[in-house]
Amino acid sequence: MHILPQLRKLEEQYLDEIVVVGVHSAKFTAEKETEALKQAVLRYDIRHPVVNDRDFAVWQQYAVRAWPSLFFVDPEGMIIGKHEGEYRFEDLDSFVAPLLKEYEAAGTLQPRPKPWILERDREAAAHDIAFPGKVLADPSSNTLYIADSGHNRVLVASVDGDVQAVIGSGVPGLVDGDYDTAQFNDPQGIAVADGMLYVADKGNHALRRIDLATKQVITLAGTGSVAMTRSSSGDARDTALRSPWDVEMVDGVLYIAMAGTHQLWSLDLKAATLAPFAGNGRESLSDGPLGEAELAQPTGIVSDGNGKLYFTDSETSSVRSADISPTGNVETLVGTGLFDFGDRDGIGNRVLLQHTQGLAYADGMIYIADSYNNKIKRVDPATNEVTTLFGASEEGVADGAWGDARLFEPSGVSVVDNRMYIADTNNHAIRVADLVSGEVTTLELKGLWPATY
């Protein structure tokens, strides 16, 4: 996912000269399902063919060793290069461009338009919202903020679903301005404080701020280019980021789940400085002092309001905590390692989750979007006990009580007044769960106009 923007640039620059073929060799069980892969292709707006290598046949034939890996094939079908790991677009372009000139001179390159029809075009304008990534219910204003990620915009609504504002034109891009002209790219996590809305603009590798009074959007941090290091710090606007996925505001400091660098970062809004806060950048699960701990693609973050942050590590299917104090530690509540996942309630190390992506904190409890298990679960931080609340293992779209409700890879949750709002990502819906009765319903968004592309 982190290299898709670089590939997109290459595809657009050499529209008829190169062909990109994605090969999906799944780590998680849920990712092996072709329908789940189709939804991912749509969610990330992938514009090239993707093979479902569910049994690792292609992986083995090409002797792949790492995610991601690139193989370069010339016009005559010969493998001429290989790269493991992430990269900058400039490095990729400097390798490909001379080869294209060489093959064109030799007469082997045959430029022509791509013949396939995009999955996105097959389902264009089919949903009022598309792949909502995160949702935030603000009890102080009874307002609901929705990251309409697939439409590259942010929605403002009442908690009952009356849409009050649409922020962003819907066209992907990194443009500041008013609600109608501003552009986002796959916005995810949202935080609100003092009349300002903060957005993790994941696809732009940027942090944005929305002034709800003046209705203006500005870029707080990020250059629009993906960071290739994991320890940059300094002036926020000049610091490159890598896949910021969620944000949380605590006492004037914005904490960021920086999935691409396997870290938590912090942005001091008064000083406008940005730096890593927790995690050494290596992808693993290891507790300890903030700067020494190892994280694995954190995608959700929330505060308990009492000096502690809770976050989800997607790649270790875990829920962890980090002290806000700089002398504090990272600790794991549930989760044991990079390749330990499943669907099992219990206490501590007995618990198995699958690619958790979002969480909320309310009344002393942590609520988890256990995304690949299609469930919402609850963690008691005092005992580390995990209990399933809503959803069943099988994906679907159905209202009902507790386990009778059906979800499809939920990515975000927010709780206010015994009501839980769920970003039911692959169902393109916001669901509302009553924490007392257990009833799950689908929120009707009223007054929403279609997105443009």
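**Close-up 1. Asp45 follows helix α2 with a positive phi.** Just after α2, the backbone of Asp45 adopts a positive phi of about 50°. Please keep in mind that this is a predicted model. The helix that comes before Asp45, α2 (34-43), has seven of its ten residues buried, so it is largely enclosed by the rest of the structure. If you would like to pick them out, the buried residues are Ala36, Leu37, Gln39, Ala40, Val41, Leu42 and Arg43.

**Close-up 2. The second largest pocket has Asp45 among the residues nearest its centre.** Here we meet Asp45 again: together with Arg8, Tyr44, Pro172 and Asn185, Asp45 lies nearest the centre of the second largest pocket. How much space lies in this pocket? The figure comes to about 1,000 Å³. In total, 48 residues line the second largest pocket. Three helices, α1, α2 (34-43) and α4 (89-106), each supply at least two residues of that lining. Which of the helices gives the most to the lining? That is α1, with seven residues.

**Close-up 3. Four valines make a nonpolar surface patch.** Val19, Val21, Val23 and Val51 form a nonpolar patch of about 320 Å² on the surface. Within this group, Val19 sits in the loop between α1 (4-13) and β1 (22-24). Is Val19 buried or exposed? Its relative accessibility is 53%, so Val19 counts as exposed, the cut-off being over 50%.

**Close-up 4. The sheet that runs from β24 to β25 is open.** Five strands line up in the order β24-β28-β27-β26-β25, with antiparallel pairing. At the edges stand β24 (346-347) and β25 (358-362); each has a single partner strand, so one side of each is left without a neighbour in the sheet. The partner of β24 is strand β28 (residues 385-390), and two bridges join this antiparallel pair. Following the residues across, Gly346 stands opposite Val386 in β28, while the bridge partner of Ile347 is Glu385.

**Close-up 5. Strands β27 and β28 form a hairpin.** Strand β27 (residues 375-380) runs antiparallel to β28, with five bridges joining the two. One residue to look for is Val379, whose bridge partner in β28 is Val386. Four residues lie between the strands of this hairpin, and there Asn384 takes a positive phi near 60°. Also worth a look is a network of salt bridges that links Asp343, Asp345, Asp370, Lys375 and Lys377.

**Close-up 6. A second view of an open sheet takes in β29 to β30.** Five strands form this sheet in the order β29-β33-β32-β31-β30, and their pairing is antiparallel. Why is one side of β29 and of β30 left without a neighbour? Both β29 (400-401) and β30 (412-416) stand at the edges and have a single partner strand each, so one side of each stays without a neighbour in the sheet. Strand β33 (residues 439-442) pairs with β29 in the antiparallel sense over two bridges, and Gly400 stands opposite Val440 in β33.

**Close-up 7. Arg153 and Asp148 are joined by a buried salt bridge.** The count for the model comes to 25 salt bridges. In this one, the closest N and O atoms of Arg153 and Asp148 are 2.7 Å apart. Buried means under 20% relative accessible area, so Arg153, at 2%, counts as buried. Asp148 is buried too, with a relative accessible area of 0%.

**Close-up 8. Arg419 and Asp160 form a salt bridge between distant parts of the chain.** The closest N and O atoms of Arg419 and Asp160 are 3.6 Å apart. Arg419 belongs to strand β31 (residues 419-424), whereas Asp160 lies in the loop between β7 (153-158) and β8 (163-167), 259 residues apart. Arg419 is partly exposed, with a relative accessible area of 27%, and Asp160 counts as partly exposed at 48% relative accessibility.

**Close-up 9. Lys202 and Asp186 meet in a salt bridge.** Their side chains come to 2.8 Å, N to O. Lys202 is in the loop between β11 (196-201) and β12 (206-211), and Asp186 is in the loop between β9 (177-178) and β10 (187-193), so the pair links parts of the chain 16 residues apart. Both Lys202 and Asp186 are buried.

Terms used: Residues numbered from 1 in each chain as written. Predicted model: local features only at pLDDT ≥ 70, side-chain atom pairs only at ≥ 80, totals over all residues. Heavy atoms only, no water. Patch = residues over 30% accessible without salt bridge, like charges linked within 9 Å, V, L, I, M, F, W, Y side chains within 5 Å. Areas by Shrake-Rupley, 256 points an atom, 1.4 Å probe, with all protein chains shown as cover. Buried < 20%, exposed > 50% of the residue type's maximum accessible area, 1.4 Å probe, protein only. Pairing = 2+ DSSP bridges. 1 Å grid on protein atoms, 1.4 Å probe; cavity = no way out; pocket = protein on both sides within 12 Å on 5 of 7 lines; lining within 4 Å. Points joined across faces, edges and corners; volume = space filled by probe spheres on them.
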